[in-house]
Amino acid sequence: MGFDLESVAEATSGAIGALVSTTILYPLDTCKTKYQAEVRAHNQQKYRNISDVFWEAISTRQVLSLYQGLGTKNLQSFISQFIYFYGYSFFKRLYLEKSGNKTMGTKANLIVAAAAGACTVIVTQPLDTASSRMQTSEFGKSKGLWKTLSEGTWIEAFDGLGISLLLTSNPSIQYTVFDQLKQRLLSGQLSKRTGTESSPEALSAFSAFILGAVSKCIASCLTYPAIRCKVMIQAADEDEDEDGSNEVQERSHKTKKTVSDAFYAIWRREGPLGFFKGLQAQILKTVLSSALLLMIKEKITKTTWVLLIALKKFLFLNQSRLKSA
């Protein structure tokens with residue numbers, strides 16, 4: 001297939017979009033993650049709602065701790081989005097070339113998105129685990145990336161890998177919904193282009209933002225119970241309770257390291273509604289993050305495409321000159 005310019009453009013723009021959106025929304029992400037990680041009976045909860053996490057950071061003068069783990073999260077986001085968008089674009093082009101179709105149906109789109117997501121998860125799982133532990137650490141007590149990972153075994157660095165693979169359905173649903181809505185929106189606006197290489201169709205920033213928000217909201221609602229279990233599995237160990245008892249802490253250590261135990265802990269301590277604790281914060285964060293990512297990606301893709309075309313022509317001209325000389 002040669003040098004796949006479209007896949008590289010998609011991957012680069014997606015990674016940059018992830019970097020920007022992650023940085024902007026990181027304090028919200030930290031509050032959300034710490035709130036999700038707490039599993040206690042209602043009369044023992046430290047955080048009644050997500051705003052309690054934010055006020056704790058202010059009252060303890062640890063506002064900057066809302067950014068603990070930002071470097072690791074950005075590294076993980078950049079790598080994962082680059083791999084995901086490259087894999088998605090590459091597999092999509094491969095499918096269309098092999099099948100001879102001009103567009104992909106929903107079923108094929110889900111399979112391609114799931115394959116790209118699985119590749120991403122396997123490569124970036126240690127970074128994902130480390131960033132979750134750093135975010136859920138007590139304010140002011142977060143450790144660096146290497147120290148966080150070196151405290152346990154490499155097997156523990158892959159905590160939650162199984163449920164992370166299961167959650168590849170989340171970006172699969174999100175990106176499939178976005179791609180299908182995008183195709184329908186652009187179907188009446190397509191114009192004929194000449195030449196063998198034309199830049200991809202791009203949505204307006206507002207349209208990309210709205211479609212990104214809708215698609216991520218749908219995906220988050222469908223997969224939220226698994227998302228919360230994943231946070232519990234990867235969370236840092238709790239400190240001793242304020243009343244001096246570590247009974248809850250010891251039980252927590254024993255009940256959050258497997259998916260089945262995490263589900264049981266939520267059911268026993270919080271009831272059925274506990275599976276959706278923090279859903280509003282999750283939707284707010286992920287919808288804004290995804291919408292920003294896809295909006296930035298749509299605007300950067302066109303520029304990246306033009307730069308790559310120019311680079312390819314420059315290299316071709318230089319190669320031609322060397323051959324003629």
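In this predicted model, helix α2 meets helix α10 through T33, Q36 and A37 on the α2 side and Y224, I227, R228, V231 and M232 on the α10 side. Two packed helices are described by the angle between their axes and the distance between the axes. For α2 and α10, the axes lie 8 Å apart and the packing angle is about 85°. Since angles of 65 to 115 degrees count as roughly perpendicular, α2 is therefore roughly perpendicular to α10. The residues that make this contact comprise five nonpolar, two polar and one charged.

Helix α10, which spans residues 205-234, also packs against helix α12, residues 259-270. Here the axes come within 9 Å and cross at roughly 105°, so α10 is roughly perpendicular to α12. On α10, the contact involves P225, R228, C229, M232 and I233. The α12 side supplies V259, A262, F263, A265, I266 and E270. By class, the contact of α10 with α12 divides into nine nonpolar residues, two charged and no polar ones. Readers following individual side chains will find R228 and M232 of α10 listed in the contact with α2 and listed again in the contact with α12.

A further feature of α10 is found on the surface. A nonpolar patch there is formed by L181, F206, I210, V214, I218 and L222, which together have about 540 Å² of accessible area. Helix α10 gives the most to this patch, with five residues; V214 is one of the patch residues and lies in α10.

Turning to charged pairs, a search of the whole structure finds 11 salt bridges. Among them is the pair formed by the side chains of K73 and D29, with an N to O distance of 3.9 Å. K73 belongs to helix α4 (residues 70-99) and D29 to helix α2 (residues 26-37), so this salt bridge ties together parts that are 44 residues apart in sequence. Helix α2 thus appears in two of the features described: D29 of α2 pairs with K73 of α4, while T33, Q36 and A37 of α2 meet α10.

Methods. Residues are numbered from 1 along each chain as its sequence is written. This is a predicted model: local features need pLDDT of at least 70, side-chain atom pairs count only at pLDDT 80 or more; totals for chains, interfaces and linings use all residues. Side-chain values use heavy atoms; hydrogens and water are left out. Axes are lines fitted to C-alpha atoms, for helices over the stretch in contact, and angles run from 0 to 180 degrees between N-to-C directions. Helices (H or I, at least four residues) and strands (E, at least two) are DSSP runs, numbered from the N terminus. Angles under 35 degrees count as roughly parallel, over 145 as roughly antiparallel, 65 to 115 as roughly perpendicular and the rest as oblique. Contact means heavy atoms within 4.5 Å. Ala, Val, Leu, Ile, Met, Phe, Trp, Tyr, Cys and Pro count as nonpolar, Asp, Glu, Lys and Arg as charged, and the others, Gly among them, as polar. Patches are made of residues with over 30% relative accessible area and no salt bridge: like charges are joined within 9 Å, nonpolar side chains (Val, Leu, Ile, Met, Phe, Trp, Tyr) within 5 Å. Accessible areas come from the Shrake-Rupley method with a 1.4 Å probe; for residues, only the protein chains shown count as cover. A salt bridge is a side-chain nitrogen of Lys or Arg within 4 Å of a carboxyl oxygen of Asp or Glu.
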